[in-house]
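Visitor: I would like to learn how to read a model like this one, feature by feature, beginning with its surface. Could you take me through it?

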Amino acid sequence: MKEGYLDSTGQTCFIKPTNYDQKKHKKFQKQIGRIENIAYDPEEDCFTCT
C-alpha cells in the first residue's frame, strides 16, 4: 500500500477551528465567493456558483 504525504511526514489532518466556527453562521454560508460554498460537478469538472 502506498504511504500518503501526511503519514510519511508524521503529520495529522485537522479542520481549522476558525473555519469550523464560521461555517455555522448564515453570513458565511451566503458568501458565494468562498470555495466551501460552491458546488463541484465531477462529470463536467467545474464548479457551479449558486
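Visitor: How much surface does the chain expose, and what share of it do carbon and sulfur atoms supply?

Guide: In this predicted model, the chain exposes about 4900 Å², and 55% of that area is supplied by carbon and sulfur atoms. Burial is the other side of that reading: with buried meaning under 20% relative accessible area, 4% of the 50 residues of the chain fall into that class.

Visitor: Which residues make a nonpolar surface patch?

Guide: I35, Y40 and F47 make one, with an area of about 330 Å². Two of these residues can be read further, since Y40 has a relative accessible area of 42% and is therefore partly exposed, while F47, at 47%, also counts as partly exposed.

Visitor: How many aromatic pairs does the structure hold?

Guide: The structure holds one aromatic pair. Y40 and F47 form that pair, with 5.0 Å from centre to centre and 55 degrees between the planes, and the arrangement is classed as tilted. The class follows from the angle, because planes under 30 degrees apart would count as stacked and those over 60 as edge-to-face.

Visitor: What secondary structure does the chain have, and in what pattern?

Guide: There are three helices and two strands, and along the sequence they follow the pattern α-α-α-β-β. Strand β1 covers residues 39-41, and strand β2, which covers residues 46-48, contains F47.

Visitor: Where is D45 found, and is D45 buried or exposed?

Guide: D45 is found in the loop between β1 and β2, and D45 is exposed, with a relative accessible area of 56%. For a backbone reading, look at phi of D45, which is near 55 degrees, a positive value in a residue other than glycine.

Visitor: Where is confidence lowest in the chain, and where is it highest?

Guide: The general idea is one of caution: where pLDDT is low, the predicted coordinates should not be read in detail. Here the mean pLDDT of the chain is 76, and 86% of its residues reach 70 or more. Confidence is lowest in helix α2, residues 17-22, at a mean of 70, and highest in β1, at 85.

Notes: Residues numbered from 1 in each chain as written. Predicted model: local features only at pLDDT ≥ 70, side-chain atom pairs only at ≥ 80, totals over all residues. Heavy atoms only, no water. Patch = residues over 30% accessible without salt bridge, like charges linked within 9 Å, V, L, I, M, F, W, Y side chains within 5 Å. Areas by Shrake-Rupley, 256 points an atom, 1.4 Å probe, with all protein chains shown as cover. Salt bridge = Lys/Arg side-chain N within 4 Å of Asp/Glu carboxyl O. Helix = DSSP H or I, 4+ residues; strand = E, 2+ residues; numbered from the N terminus. Buried < 20%, exposed > 50% of the residue type's maximum accessible area, 1.4 Å probe, protein only. Phe/Tyr/Trp six-rings, centres within 6.5 Å; stacked < 30°, edge-to-face > 60°. pLDDT = per-residue confidence, 0-100.
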